[in-house]
Amino acid sequence: MIIYSVTVSIDTAIETNWVAWMRTQHIHDVLETGCFLAAHFQRLLDPAPEDGVSTFNIQYECLSMEAYEAYAELHAPRLQEDHATRYKDRYAAFRTLLRREDSF
């Protein structure tokens with residue numbers, strides 16, 4: 001299992017709008033690409049949030065590197081641009097790619 005993990009720190013002044021958009025639009029748009037099986041949306045608790053910033057993480061699960069690469073090539077630029085345009089200068093994001101080795 002490949003996990004595409006996106007961590008976003010968002011200005012708390014727009015947090016309610018951003019969370020609503022993520023839950024009702026963006027995560028669904030990513031899943032509708034057909035490249036991922038599921039998504040998990042969570043708020044970071046530790047380290048404690050800085051004043052004026054909340055941090056969230058979204059983990060998208062896919063079966064193979066090929067599925068992730070198809071997303072990265074065919075869909076990510078458009079979806080990331082939509083996010084960047086909508087929330088310009090109000091967030092910071094970083095992305096990581098993981099492989100699940102075992103479940104317990």
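Which strand does β1 (residues 2-11) pair with over ten bridges, and in what sense, parallel or antiparallel? In this predicted model, the partner is β3 (residues 53-62), and the pairing is antiparallel. One place to look along this pair is S9, which sits opposite T55 in β3.

Those two strands belong to a bigger arrangement. Four strands make up an open sheet, lined up in the order β2-β3-β1-β4 with antiparallel pairing. The edges of the sheet are β2 (38-43) and β4 (91-99), each of which has a pairing partner on one side only. Going from one strand to the next, the twist averages 15°.

Now for the chain as a whole. It holds three helices and four strands, and reading along the sequence gives the pattern β-α-β-β-α-α-β. The C-alpha trace spans about 40 × 35 × 20 Å along its principal axes. How does the radius of gyration fit with a compact globule? For 104 residues, such a globule would come out near 13 Å, and the chain has 14 Å, so the two agree. Of the 104 residues, 36% are buried. The contacts reach a long way along the sequence, too: take those between residues at least 6 apart, and 76% of them join residues at least 24 apart. As for the outside, the chain exposes about 6,600 Å², with carbon and sulfur atoms supplying 50% of that area.

Next come the helices. Helix α2 (residues 65-74) lies across three strands, namely β1, β3 and β4, and runs at about 40° to β1. Helix α3 (residues 76-86) has A76, L79 and H83 as its buried residues. Looking down the axis of α3, these buried residues fall within an arc of 80°, and therefore they line one face of the helix. Over on the other side of α3, R78 and T85 are exposed. And what covers the buried residues of α3? The cover includes α1 (15-31), α2 and β4.

Helix α1 has a histidine that deserves a look of its own, H26. Is H26 buried or exposed? Its relative accessibility is 9%, and buried means under 20%, so H26 counts as buried. Leaving aside residues up to four places away in sequence, H26 touches W21, Y60 and L79. L79 has already come up as one of the buried residues of α3, while Y60 falls in the stretch of β3, residues 53-62.

The loops have a couple of details to offer as well. Where is the cis peptide bond that leads into P47? It runs from D46 to P47, with omega near 10°, and P47 lies in the loop between β2 and β3. In another loop, the one between α3 and β4, there is D89. Phi of D89 is near 65°, a positive value in a residue other than glycine. D89 counts as exposed because its relative accessible area is 69%, and the cut-off for exposed is over 50%.

Methods
Residues are numbered from 1 along each chain as its sequence is written. This is a predicted model: local features need pLDDT of at least 70, side-chain atom pairs count only at pLDDT 80 or more; totals for chains, interfaces and linings use all residues. Side-chain values use heavy atoms; hydrogens and water are left out. Two strands pair if DSSP finds at least two bridges between them. Helices (H or I, at least four residues) and strands (E, at least two) are DSSP runs, numbered from the N terminus. Axes are lines fitted to C-alpha atoms, for helices over the stretch in contact, and angles run from 0 to 180 degrees between N-to-C directions. Contact means heavy atoms within 4.5 Å. The radius of gyration is taken over C-alpha atoms; the globule rule is 2.2 Å times the number of residues to the power 0.38. Buried means under 20% relative accessible area, exposed over 50%, partly exposed in between (1.4 Å probe, protein chains only). Accessible areas come from the Shrake-Rupley method with a 1.4 Å probe; for residues, only the protein chains shown count as cover. The arc is that of the directions from the helix axis to the C-beta atoms.
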